[in-house]
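Hi everyone, thanks for coming. I'd like to walk you through one structure today, a piece at a time, so grab a seat and have a look at the screen.

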There are 2 protein chains.
Amino acid sequence: MNFLEERILKDGIVKKGNVLKVDSFLNHQMDISLFEQMGEEFRRRFEQEKIEKILTIEASGIGIACIVAKYFQVPVVFAKKAKSVNLEGELYIAEVESFTHKCRNQIIVSKKYLKQGEHILIIDDFLANGCALQGLISIVNEAGATVDGIGIAIEKGFQIGGRTIRNLGYHLESLAIIDKMDDETGTITFRPQK
Amino acid sequence: MNFLEERILKDGIVKKGNVLKVDSFLNHQMDISLFEQMGEEFRRRFEQEKIEKILTIEASGIGIACIVAKYFQVPVVFAKKAKSVNLEGELYIAEVESFTHKCRNQIIVSKKYLKQGEHILIIDDFLANGCALQGLISIVNEAGATVDGIGIAIEKGFQIGGRTIRNLGYHLESLAIIDKMDDETGTITFRPQK
């Protein structure tokens, strides 16, 4: 078991409806030392890739992405979830469905900050059905940049997102893949990883 | 002139209506080396304070707060701008007005992550009229924690926020305070700092 799986077992809470609450260390309160371990581990797993920029999405991806970026020595760009009056000029826009909030949103990146030929690592906290991630990938493709890696903290392996992305041939690394959760017993089963 | 003021002069763009665009390095694309310099500088300016936790607000405060947190060796909590279906239990809620988006929002922090007696450093990217900051302060006060410092990247010194907060006796440190901007000439005048 790795450091993140151990932490999930220690502090994660399984709720009805396949909800895993990790807001004590990942996406409301944030444990920066844990994020540094994640940065080291992503650096190791994407050792072969020449990463030039990290792309993430607001809000809970930003903290992880910024700490991970130190290990790659690259800037971070975060996709915004709604059009801000301060975002102007030409924009990449993708439509994404939100499982958590049960609605459709646009995600937006300024064309100034994703360029043709750039090598991108996408970072996010969760991967479930993969809608947000698909939106980010489509934006990178629209820019003519390449997705050289996708680094996820926690993947819900029993949902379709991860399988779809791997089937498409992307280099996806999830630090913890949950194959099964049971809210009655609180048990969490992780997929074995090398 | 300090490192942030220099960067603002180099890459910031002054727009009509007292808008300063810094999205190439601060709040859309993020320069992590710059954030590290900010972390060092906040650590210096709040040397006397015993900080136990950093509080910020989504989305653009999160990246800065996470990098700054490394210099204080503390966790970060970010206030959410809307009620997520995954936020449950008892919540601190404050009403804030948004100048940028011209609407009223609630900002929310779970009661689990702010405790009585905790020493809090508030971090954010911008301070203008101070509405978001007032909401964060009210949440800290409601928790019975103390605001031991407020660290801002860019303060619009010609708006009321900074003066109000200083009048209230808070230890507010803004790395760059803009006293005047002119969108026709593109000039930016900083308030001299020690």
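I'll go through a sheet, some helices and a few odd spots in the backbone.

Before we start, keep in mind that this is a predicted model.

Okay, the sheet. How many strands does this open sheet have, and in what order? There are seven, with mixed pairing, and the order is β11(A)-β10(A)-β9(A)-β8(A)-β4(A)-β5(A)-β3(B). At the edges sit β11 of chain A, residues 188-190, and β3 of chain B, residues 29-30, and each of these pairs on one side only. In case strand pairing is new to you: strands of a sheet pair through backbone hydrogen bonds, either parallel or antiparallel.

Let's zoom in on one pair. Strand β4 of chain A, residues 53-57, and strand β5 of chain A, residues 76-79, run parallel and are joined by four bridges. If you want a spot to look at, find I54(A), which stands opposite V76(A) in β5(A). Now, what packs on this sheet? That's helix α3 of chain A, residues 60-72. Helix α3(A) touches β4, β5, β8 and β9 of chain A, plus β3 of chain B, and its direction makes about 170° with that of β4(A).

While we're at β9(A), have a look at T146(A), which is found in that strand. Because its relative accessibility is 35%, T146(A) counts as partly exposed. Leaving out residues up to four places away in sequence, T146(A) touches E118(A), H119(A), I120(A) and V140(A). M181(A) is another story: it comes 35 residues apart from T146(A) along the chain, and their C-alpha atoms are separated by 34 Å.

Next, two helices that meet. In chain A, α1 covers residues 3-11 and α2 covers residues 32-45; their axes come within 10 Å and cross at roughly 150°. So α1(A) is roughly antiparallel to α2(A). Which residues do the meeting? From α1(A) we have F3(A), L4(A) and R7(A), and from α2(A) there are L34(A), Q37(A), M38(A) and E41(A). Sorted by type, the residues of this contact are four nonpolar, one polar and two charged.

Over to chain B for another helix. Helix α4(B) takes in residues 131-143, so 13 residues by the DSSP run. From first C-alpha to last, α4(B) reaches 19 Å, close to the 18 Å expected at 1.5 Å a residue. Its buried residues include L133(B), L136(B), I137(B) and V140(B). Just after α4(B) comes G144(B), with a positive phi of about 75°.

That brings me to the odd spots. Most residues other than glycine have a negative phi, and most peptide bonds are trans. Now look at Q73(A): not a glycine, yet its phi is positive, about 55°. Q73(A) lies in the loop between α3 and β5 of chain A, and with a relative accessible area of 70% it is exposed. N18(B) also isn't a glycine and has a positive phi of about 55°. You'll find N18(B) in the loop between β1 and β2 of chain B, and at 34% relative accessibility it counts as partly exposed.

Last one: where is there a cis peptide bond? In chain A, go from E58(A) to A59(A), where omega is near -5°. A59(A) has its place in the loop between β4 and α3 of chain A. In chain B, the bond from E58(B) to A59(B) is cis too, with omega near -5°.

That's my tour, thanks for listening!

Notes
Residues are numbered from 1 along each chain as its sequence is written. Chains are lettered from A and ligands numbered from 1 in the order in which they are written. This is a predicted model: local features need pLDDT of at least 70, side-chain atom pairs count only at pLDDT 80 or more; totals for chains, interfaces and linings use all residues. Side-chain values use heavy atoms; hydrogens and water are left out. Helices (H or I, at least four residues) and strands (E, at least two) are DSSP runs, numbered from the N terminus. The expected span of a helix is 1.5 Å times one less than its number of residues. Buried means under 20% relative accessible area, exposed over 50%, partly exposed in between (1.4 Å probe, protein chains only). Two strands pair if DSSP finds at least two bridges between them. Contact means heavy atoms within 4.5 Å. Axes are lines fitted to C-alpha atoms, for helices over the stretch in contact, and angles run from 0 to 180 degrees between N-to-C directions. Angles under 35 degrees count as roughly parallel, over 145 as roughly antiparallel, 65 to 115 as roughly perpendicular and the rest as oblique. Ala, Val, Leu, Ile, Met, Phe, Trp, Tyr, Cys and Pro count as nonpolar, Asp, Glu, Lys and Arg as charged, and the others, Gly among them, as polar.
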